[in-house]
Structures are given as C-alpha cells and as structure tokens.
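Reader: I am new to this structure and would like a close look at a single part of it. Please take one helix and describe what surrounds it.

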Amino acid sequence: MVIGPNGEQMGTKKLDDALTIANFAGLDLVLMNPGAERPVAKIMDYNKYKYEKTKKQKEALKRQRENMKETKEYQLSYNIDIHDFETRRKNAQNYLEKGHKIKVTIRFRGRELAHTDLGKETMLRFAESLSDYADIESDPKLEGRNMMMMLAPKKDI
C-alpha cells in the first residue's frame, strides 16, 4: 500500500514501482507500518519526517517534565528552635515559588512518641507560616514513628 506525498492513497504497488515514483518526485519511500498484513509505505522527505518526530518527542518530554515537578522533603522536630524553623521555612518558600511540592516530616524517637500532638502543632505552624505560598495537600498523618504532611504551591503564584 503506497500513500502519496500529499496524503492521497495510490493503491497497492510493487516495490520497484513505488521507488520509481518516489525518485521521480525527488522524495523518499518510507515504510510506515512494516508488520501489517499489507505493509504501508509513504512517499515523503525522510529528513523532514525525522526532524519533526524528534521535535515532537522533545516537546512531549518538556510537558512531562512540567507535570513531574520535584518533591522536596523537610524534616522538623516537635521541639525545633526558632532560627532552624525560620531557615527551613525560607528554603521551603523558595522551593514553593519555583512550583515544587513540599513534604514535611517529623520522626518521633523513643518517648517523643507520646507527644505527637506537639508535632502536629509544629507542622500546622509550618504550614501557616507558608500559607501565602502553599496549600495543605494532605493533613498531618502519623504513620508508625513518622508524621507526614504535603504542601502544594498555590495556583495563583
């Protein structure tokens, strides 16, 4: 099956005939669907086809990269000092401005597990300090010894 340079179907042709038509037009005969019962070949400029194909792949990769923003993890403790808290908040703010997500974790060790409410307060205070830049995607959840919360950048930034 041969398809012409303008997309018109030229019907079933022998290989020699199709190559002659392609050479006469100054184009290439490209096999589009080799595994089919009736292989499909198209008369086209192969270099242009290859260029457009790589261009589409790069564009798709670019869109995929935009959708797959990174997630940065920040570890806090329920008794974190003010300066350490502010440093992590500023770093998270910069990261949120770039459009990435933030994962905030607190790991409770030993007897600290009895003070999970203080850890939750610390996380909510962290989220409140970033409320101009982020929304809480998932509330603080305790999973074993770790408490986690996800922050996503606001849409209007």
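Author: A definition comes first: an axis here is a line fitted to C-alpha atoms, for helices over the stretch in contact, and angles run from 0 to 180 degrees between N-to-C directions. The model is a predicted one. The part chosen is helix 3, which covers residues 82-97. Its axis and that of helix 4 (residues 116-129) come within 10 Å and cross at roughly 50°. Angles under 35 degrees count as roughly parallel and 65 to 115 as roughly perpendicular, so helix 3 is oblique to helix 4. The crossing of helix 3 with helix 4 is right-handed.

On the side of helix 3, the contact is made by Phe 85, Arg 88, Arg 89 and Ala 92. Helix 4 contributes Thr 122, Arg 125, Phe 126 and Ser 129. By class, the residues of this contact are three nonpolar, two polar and three charged.

Helix 3 also belongs to a right-handed β-α-β unit, together with strand 5 and strand 6. Strand 5 (residues 71-76) and strand 6 (residues 101-107) run parallel and are joined by six bridges. Within this pair, Glu 73 has Lys 103 of strand 6 as its bridge partner.

Strand 6 has another pairing, with strand 8 (residues 146-153), in the antiparallel sense and over six bridges. There Lys 103 stands opposite Met 150 of strand 8. Lys 103 thus appears in both pairings, as the bridge partner of Glu 73 and opposite Met 150.

Definitions and conventions: Residues are numbered from 1 along each chain as its sequence is written. This is a predicted model: local features need pLDDT of at least 70, side-chain atom pairs count only at pLDDT 80 or more; totals for chains, interfaces and linings use all residues. Side-chain values use heavy atoms; hydrogens and water are left out. Helices (H or I, at least four residues) and strands (E, at least two) are DSSP runs, numbered from the N terminus. Angles under 35 degrees count as roughly parallel, over 145 as roughly antiparallel, 65 to 115 as roughly perpendicular and the rest as oblique. A crossing is left-handed if the near helix is turned anticlockwise from the far one by less than a right angle, and right-handed if clockwise. Contact means heavy atoms within 4.5 Å. Ala, Val, Leu, Ile, Met, Phe, Trp, Tyr, Cys and Pro count as nonpolar, Asp, Glu, Lys and Arg as charged, and the others, Gly among them, as polar. Two strands pair if DSSP finds at least two bridges between them. A crossover is right-handed if, with the strands pointing away from the viewer, the path from the first strand over the helix to the second runs clockwise.
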